[in-house]
Structures are given as structure tokens and as C-alpha cells.
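Visitor: Could you take me in for a close look at one charged residue and its surroundings? I would like to see how it sits among its neighbours.

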Amino acid sequence: MEMSEENPGGILSKTQSLRDKMKKRRKAIESLMTGDTPPVAETIIAPDTPTLPKKSKSDKVVSESNSVKSEEKTASERLSPVVSPPDKSQLTKSSSTPADDLSALLSLQSAKEREERSQQDEIFSLLSQPTAREQSLLATFKSVDGGGVKEFCQLSTKIECCKVNRSKQACDKLHFVKILQKHTDESLGDCSFLNTCFHMDTCKYIHYEVDKTDVGCKVKKEAAYKSSIQLMDSTKLVPPQWIQCDLRNFKFDVLGKFSVLMADPPWDIHMELPYGTMSDDEMRRLPVPGLQDEGLIFLWVTGRAMELGRECLKLWGYERVDEIIWVKTNQLQRIIRTGRTGHWLNHGKEHCLVGEKGHNQLNRGLDCDVIVAEVRATSHKPDEIYGIIERLSPGTRKIELFGRPHNLQPNWVTLGNQLDGVMIHDKDTLDRWSKIYPEGYNITENFILHPRQE
């Protein structure tokens, strides 16, 4: 009977001790999270308090509770940073300081993270440095004194430059001058087309031009460098030359040989176009092979002319080596989705086939094969193509077939039926012209053209 009475009491005492343990652990965890120190009465048993009456298992309960408290205390000491004992003034402050310290410690970078960061910075600095090939290319195209190139000031006008820099004199860079006409309204601001506005005679927005005084100062400074004068003489640009002609009957022997040829033919793409077209057989019969012994050809194609263009390149003796794509944008620099051409899908791009004949010394790897440029007049190709060609083959003779007045460029000879007469500056070409066309070129009936130099 005694054993049956003692067993329920022992079980109750064990469950009570486990509950006490769980409560004390929760309080210890909460005090660690909030930063509060546990009350002294809960952690240490005061010596003045009366002891409990001795029972058979009471000593075990007290020892277990004391061991739990000591474990919680050691755990709290390990988690909290080692600091000096706080003053009384610090105890009155907010109780969130230990949590803040813990979060600050956790936010610090570890030694491994710092090492990885330094390695990443080192790799980035190495990648950002120019390679030996880039430096050699830069040295090849760099002139002795800058080649007459001068940087533009980001502040545009001299007045703005002096105002921002708080100086009475503007910087040494090039500046712009406002073009103020009678119809200009300065309150409207700058024209969004800048220097490409086609209606400057009526546009009310502000337009700009380069300050001529800055250009004059630049010329005077460079006059002192004899090497620069010799350099400019050696790379002097030949003014644009053009011949108004019908390419189907014009004798190309007058022109001589060229290193680069570009053509934008009026292909018959089976669509209504605002200009006349040529048949496929007429394109195949063009005497293009006589213009080059070796060199490059840039042939613009679109639609069904892409296959015909490749066929013509083979007939003319070229091997297609590359292709340039012109992605068309509108005035807001967005891709055009309603192109003028295309049977199935609206064409928002055009292709320029690149063919090569023979072996040529070219500056390879300087430009990309994609041009993103704004659409202008009908069949008006982007001006960026001329820069790409000039960098590929600088200082060589170049010819463009089926050109119009906007295609005229220095160092280029342009042929087309929409040009204004014949303009030739090259003496050798004039001599050949006088031999082949001594009485002038008869472009149509009773319409004879003679070359002029001015």
C-alpha cells in the first residue's frame, strides 16, 4: 500500500520538475533575445531563504534545477560578446543593445568573403586594362599630335562653361554656338534633331553650330607642328566626285580600279516602290568585275534580292565573307515595326553582303556587323557604313554605284542617274574621259554631259 501511494507522488514531482525546466529555459531564451538579465531570485538561491523539508527525492530535483540554470548561464555567456561589466548608466539604456551588437557581428564580412572580394577586384582590374593588341591598334591609328581632333565640352556653350566652372575664360575644348533666327523661340528649348533637322529654315526650336573661334585657335596651335602639317598633306582628302549616268550603258573603263565598291541597286522585289527598278538579268550583266582586280564589295539587299545578290557576287567573281545588318529605328530610337517592305512580315532591317576578291590587307576586328540607325528618306542607308568601310581600308579609292546626292563622300566616286552632271577632280580619270568620251557622254537623246572640276 505504501509503494502504491509513493509512486503517484514521484511521477507528479518529475512532471512538475520538467515543467519548471521548460519555463526557465523559455525565460532564459527570451532574456537573451531581448537583452534583459534574468532576475537574481530566479538564478541563484539566496542563503537566507528557508530550506525545503527533506524528502526522499527533493535533493535530486534541486540539483537538477541548479544544473539547468548553470547550463543556461554558460550558454548566455557564450552568445554574448566579451565586454567589461556595464555601468549603472548603461543599465538604464534601452535593452536592445546586445541584439544590435549580435546583428552587427553577423553583418561583418568573414575572412573568406574578404579574400574572395579582393580576388574579384583584382580580376576586374586586369580585365579592364587594354590588351597588347588593342594598344598596338591604338598606336597605329593615333597621330603624333592628336591628328587635328579636339574634344567637345560637355557644357555645350562657352557661357554655360564659364558659369559652371566659375571662371571668366572657357576651357580649351570645342564649344557650340546657338543659331538664333527670326522665327526661333528660345522658350521652346533645343531641337530634338540637333544638327540633322531638315527644316531649320522654319523650325522654331534652338539649333547649334560649332564655335568658329575655337576651331581657329586649334588651327593656329597646330601650325607650329611641322610634323602635323606633313601628316595632313599626306592624308589629304580628295573632294567628292560623281558622274550622272545610266549604269546599263556607261563604260566603266573611264574610272580605273578601286579598292572598295559599294552598291545599293534598285532590285525588283515585286513591290510598289517610289523609284524605277532593274530586272534580274540587267543586274547580272552589269560590268562590275572591271572595277576591281582585288578588293571588297558591299552589296545592299532586301527581300527576294538576298538570294539574287549572292548569285551576282559569284558571277562577278567575289566570295561572300561577311554580312552587315542594319536594324531600323524611328526618331524615338525604337525599332520600326511597320516597315515599307516585306510580303509576310514587316521588315525592320536590311542586309549588306560583304564580298572579297583576291587577298587584301585590311584592319580586321575593329567594328561590329550590326548597325542600329534611324530611318530617313526612302532607300537612304545609314552613314555609319562609310565609317566602317574607311576603318577597314583607310586612304584607298572607293566607288559607290546607284548613289544619290546624299551619298557624296570625300575619297569616293559616286555613280547614279539622280546626280547633278559630272564632277571629276582626279587627273588620270579626266585623261581617260577625254579618250573614251571626247565629245561628251550622251546619257539620253540630245543630253550630253561634260566633266567639270568646280
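Guide: Happy to. A salt bridge here is a side-chain nitrogen of Lys or Arg within 4 Å of a carboxyl oxygen of Asp or Glu, and buried means under 20% relative accessible area. Please keep in mind that this is a predicted model.

With those cut-offs in hand, look at glutamate 400, which is buried but forms no salt bridge. The nearest side chain of opposite charge belongs to arginine 404, and the distance is 8.1 Å. What glutamate 400 does have is a polar contact between its side chain and that of tyrosine 386, at 2.8 Å.

Now for the setting. Glutamate 400 is part of strand β9, which covers residues 398-401. Setting aside neighbours within four places in sequence, glutamate 400 touches Met262, Tyr386, Asn407, Trp412, Val413, Thr414 and Leu415.

One of those contacts, Val413, leads on to another feature, for Val413 also helps line the largest cavity. That cavity has a volume of about 50 Å³, and the structure holds three cavities of 30 Å³ or more. Its lining also includes Trp242, Phe258, Arg397 and Asp426. Strand β3, residues 241-244, contributes the most to this lining, with three residues.

Stepping back to the whole chain, you will find 14 helices and 14 strands. Buried residues account for 29% of the 454 residues. Of the contacts between residues at least 6 apart in sequence, 69% join residues at least 24 apart.

Technical notes:
Residues are numbered from 1 along each chain as its sequence is written. This is a predicted model: local features need pLDDT of at least 70, side-chain atom pairs count only at pLDDT 80 or more; totals for chains, interfaces and linings use all residues. Side-chain values use heavy atoms; hydrogens and water are left out. Helices (H or I, at least four residues) and strands (E, at least two) are DSSP runs, numbered from the N terminus. Buried means under 20% relative accessible area, exposed over 50%, partly exposed in between (1.4 Å probe, protein chains only). Lys and Arg count as positive and Asp and Glu as negative; His and the chain ends are not counted. A polar contact is a pair of N or O atoms within 3.5 Å; within protein, one must be able to donate a hydrogen and the other to accept it, and residues adjacent in sequence count only if both atoms are side-chain atoms. Contact means heavy atoms within 4.5 Å. On a 1 Å grid over the protein atoms alone, a cavity is a set of points where a 1.4 Å probe fits but cannot get out, and a pocket is an open set with protein on both sides within 12 Å along at least five of seven lines; lining residues have an atom within 4 Å of a point. Grid points are joined across faces, edges and corners, and a volume is the space filled by probe spheres set on the points.
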